[in-house]
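Reader: I am new to this structure and would like a close look at a single part of it, namely the salt bridges. Please take me through them slowly, with their surroundings.

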Amino acid sequence: MNDNTQSRGGRVLLMALALLMGGSVLMAPGIASGADQTQSIEDRLRLQLRSTSQQLQALQAAQAQMQAARNAAEAQNAVLQDQIKSLQAERDKAADQNKTLAQQQDAVRSQAQSQVEASQQQVGQFKQAYDQLLGMAKNSEAQRISLQTQLAQQKAALASCGVKNQRLYELGNEVLKAYEGLGTGSLIKIREPFATTSRVKFDEIAQSYGDKLYENRADARQPVAAAATAQKK
């Protein structure tokens, strides 16, 4: 566009010179027509040349402004190009950072997944160990209750044996006292064939002592029942 303007200004200047030369040619007949007419043509040509020069100067000034604007635009374009390059560099840097962050995120996610799996495995192991301990605790509690029951039964049996032992001791003393009360005459009466009443009485006393001995015998197979029976008595 500036080249076209400069070319157009040159053409205007050439046309002005041609007119000036043409005026000179026309001045020959002017000599014949008179000095005033020649002076008038020369003045118009000068005026036109001045106007053309002013237009040319205006065009050159406009061309200079346009060149300055072009230079400014080119400078601004260069700045924009630099900014674009800077933005592209920042974009590439951001892309690299995003890629690095994505890799780090994948690594963290993988590590977290591994930790979660390890934690779940440990939880399973702890649960299994807890179930085993719970089973052992239940078995121990059942054994404790069984042993406590057996201990109570043994204590009851021991108490029953003590009671029966005391009763047997007392019964033995009664037998000894009864035996000491039997005199020689009583024994002879018992052995006589016709002393039926004395013999029956002696048999009843012996049967009574036998029943008491049987009732107070210690039976280890039924300690609780024996203890309850002994306590009732």
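**Salt bridges in the model**

Author: Searching the whole structure, which is a predicted model, turns up 6 salt bridges, and three of them can be followed here residue by residue.

Before turning to the pairs, it helps to set the scene. The protein is built from 5 helices and has 0 strands, so that, read from the N terminus, its elements follow the order α-α-α-α-α. Of its 233 residues, 10% are buried, and the surface that the protein exposes comes to about 18700 Å², with carbon and sulfur atoms supplying 57% of that area. As for how the chain meets itself, if one takes the contacts between residues at least 6 apart in sequence, 82% of them join residues at least 24 apart.

One of the salt bridges links Glu42 with Arg46, and here the closest N and O atoms are 2.7 Å apart. Both residues belong to helix 2, which covers residues 35–181, and they are separated by 4 residues, about one turn of the helix. Glu42 has a relative accessible area of 25% and is therefore partly exposed, since that value lies between the limits of 20% for buried and 50% for exposed. Arg46 is likewise partly exposed, with a relative accessible area of 48%, a value that still falls under the 50% limit.

Farther along the numbering, Lys127 and Asp131 bring their side chains together in another salt bridge, with 3.4 Å from N to O. This pair also lies in helix 2, and again the two residues are 4 apart, about one turn of the helix. The two partners fall into separate classes of accessibility: Lys127, at 52%, counts as exposed because its value is over 50%, whereas Asp131, at 38%, is partly exposed.

The remaining pair to consider is Arg91 and Asp92, whose side chains meet in a salt bridge with an N to O distance of 3.6 Å. Arg91 reaches 54% relative accessibility and so counts as exposed, being over the limit of 50%, while Asp92, at 38%, counts as partly exposed.

Taking the partners by their charged groups, then, the arginine of one pair, Arg91, is exposed, and the lysine of another, Lys127, is exposed, whereas Arg46 is partly exposed. On the acidic side, Glu42 is partly exposed at 25%, Asp92 is partly exposed at 38%, and Asp131 is partly exposed at 38%.

Definitions and conventions:
Residues are numbered from 1 along each chain as its sequence is written. This is a predicted model: local features need pLDDT of at least 70, side-chain atom pairs count only at pLDDT 80 or more; totals for chains, interfaces and linings use all residues. Side-chain values use heavy atoms; hydrogens and water are left out. Buried means under 20% relative accessible area, exposed over 50%, partly exposed in between (1.4 Å probe, protein chains only). Contact means heavy atoms within 4.5 Å. Accessible areas come from the Shrake-Rupley method with a 1.4 Å probe; for residues, only the protein chains shown count as cover. A salt bridge is a side-chain nitrogen of Lys or Arg within 4 Å of a carboxyl oxygen of Asp or Glu.
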